[in-house]
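Me: I should like to learn how to read the spaces inside a protein structure. May we go through them one by one?

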Amino acid sequence: AQEGSVAANPQAEDEAYVCPVTAGSSQLNLDFDTGSADLWVFATDTPSSESQGHNLYDTSSGQQIDGATWDITYQDQSGSKGVVFSDTVVVGGVTATSQAVEAATSVSTQFVQNTGSDGLLGLAFSSINTVQPQQQTTFFDTVADSLAAKLFTADLKKGEAGSYDFGYIDDSKHTGDITYVDVDNSQGFWGFTAGGYSVGDDTSAGGDSIGSAIADTGTTLLYVPSSVASAYYQNVDGAENDSSQGGYVFPCSNTLPDFHVAIGSGVFTVPGSYINYAPTDSSGSTCFGGLQGGDGQSLSIFGDIFLKAHFVVFDQTQDSPRLGFAPQ
Ligand SMILES: O=C(NNC1=NCCC1)c1ccc(Br)cc1
């Protein structure tokens, strides 16, 4: 049975986490994304005007899947599209033979400009893979039956390398028990129900329920209902929701309160320091919040700001999928 571990390297400001992957004969740094299900790469097929500064997948190592194409648009309206090859993909020693490697023939400016990422490796459910006419499986689904245990874990960290492990739980990576909750994968995501929340020294998480949420390593920030974000920033002097900046900002001199949320039988904390995401300009006087109100979408997005404070198990060992959360 296979098992393996790969480093998750934070990009600037922990905007995303990229991991070294071998696809065919090419070494690439891919953004592991539990919010999508396509493994796509900058490639020798990508227009050179769009691929400068990126490592490229050499398509000559693969077998092109005749007639197969893909086209993906992410929640933040970034996107890419292209053609498909079958090739061997290795992640932390775990080998997927005949893995669909989606070679980009067009990528949006967000990806062109982020030269630290050579593509994405989707870890959501294969039901939302965009390849047509025959849908393909994620890396995890391709190797699932060969793993010692049908699960992977995410141990992202603030400002330093963490890891993704496949096929086993490394108990040295978490303190305390793992709290498991049921997953609703009907939309192809790692969906779960978040309970009440609280702010600062009140660690009860007794407030209104946050409700439906997804665990998404591909999203940088933590998006909660606007009422929750508003209640949080009432505790931050000078905070304001500035649409011209894209959300809540505040004087960087603040010490931000912790954010606590009930998930299943546990209460999970995001330290206030994690919610002081980054200065909005070089003067460093105004800072952007790591916790933001959703733009009216029904789902809360537990992105890296939340995930990097915890050890998370993405578990398909049972008839129904589940998520496990533990303090790191
Ligand atoms: O696209 C999503 N996550 N992944 C990525 N975003 C930007 C690049 C990769 C995403 C976000 C929110 C919801 Br709800 C569903 C999916």
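Me: Where does the ligand sit?

Reply: One compares the ligand with the open spaces of the protein. In this predicted model, the ligand sits in the largest pocket. The space in that pocket amounts to about 1300 Å³.

Me: Which residues come nearest to the ligand?

Reply: A shell of residues is read by asking which of them approach the ligand. Here 13 residues surround the ligand, and the nearest are Asp33, Tyr74, Gln75, Asp76 and Asp216. By class, the shell holds six nonpolar, four polar and three charged residues.

Me: Which atoms of the ligand face polar atoms of Asp33, Gln75 and Asp216?

Reply: Here one looks at pairs of N or O atoms, for which the cut-off is 3.5 Å. A nitrogen atom of the ligand has a polar side-chain atom of Asp33 at 2.9 Å. Asp216 also offers an N or O atom of its side chain, at 2.8 Å from a nitrogen atom of the ligand. With Gln75 the partner is a polar backbone atom, which lies 3.2 Å from an oxygen atom of the ligand.

Me: How much of the ligand does the protein bury?

Reply: One takes the area that the ligand exposes alone and asks what share the protein covers. That area is 420 Å², and the protein buries 91% of it.

Me: Which residues lie nearest the centre of the largest pocket?

Reply: The lining is read as a list of residues, and then by class. The largest pocket has 45 lining residues, and those nearest its centre are Gln75, Asp76, Gly218, Thr219 and Thr220. Of the lining, 18 residues are nonpolar, 20 are polar and seven are charged. Gln75 and Asp76 are also among the residues that come nearest to the ligand.

Me: Which helices and strands supply the lining of the largest pocket?

Reply: One assigns lining residues to the elements that carry them. At least two residues each come from strand E3 (26-33), strand E5 (63-73), helix H2 (109-113), strand E20 (276-279) and strand E22 (291-293). The largest share, three residues, is that of E20.

Me: How many cavities of 30 Å³ or more are found in the whole structure?

Reply: A cavity is treated separately from a pocket. The search of the whole structure finds one cavity of 30 Å³ or more, and the largest cavity holds about 30 Å³ of space.

Me: Which residues line the largest cavity?

Reply: The lining consists of Leu123, Ala124, Phe125, Thr138, Phe140, Asp141, Trp190 and Gln316. Sorted by class, five of these residues are nonpolar, two are polar and one is charged.

Methods: Residues are numbered from 1 along each chain as its sequence is written. This is a predicted model: local features need pLDDT of at least 70, side-chain atom pairs count only at pLDDT 80 or more; totals for chains, interfaces and linings use all residues. Side-chain values use heavy atoms; hydrogens and water are left out. A residue is near a molecule or strand if one of its heavy atoms lies within 4 Å of it. A polar contact is a pair of N or O atoms within 3.5 Å; within protein, one must be able to donate a hydrogen and the other to accept it, and residues adjacent in sequence count only if both atoms are side-chain atoms. Accessible areas come from the Shrake-Rupley method with a 1.4 Å probe; for residues, only the protein chains shown count as cover. On a 1 Å grid over the protein atoms alone, a cavity is a set of points where a 1.4 Å probe fits but cannot get out, and a pocket is an open set with protein on both sides within 12 Å along at least five of seven lines; lining residues have an atom within 4 Å of a point. A molecule sits in a cavity or pocket if more than half of its atoms lie within 2 Å of its grid points. Ala, Val, Leu, Ile, Met, Phe, Trp, Tyr, Cys and Pro count as nonpolar, Asp, Glu, Lys and Arg as charged, and the others, Gly among them, as polar. Grid points are joined across faces, edges and corners, and a volume is the space filled by probe spheres set on the points. Helices (H or I, at least four residues) and strands (E, at least two) are DSSP runs, numbered from the N terminus.
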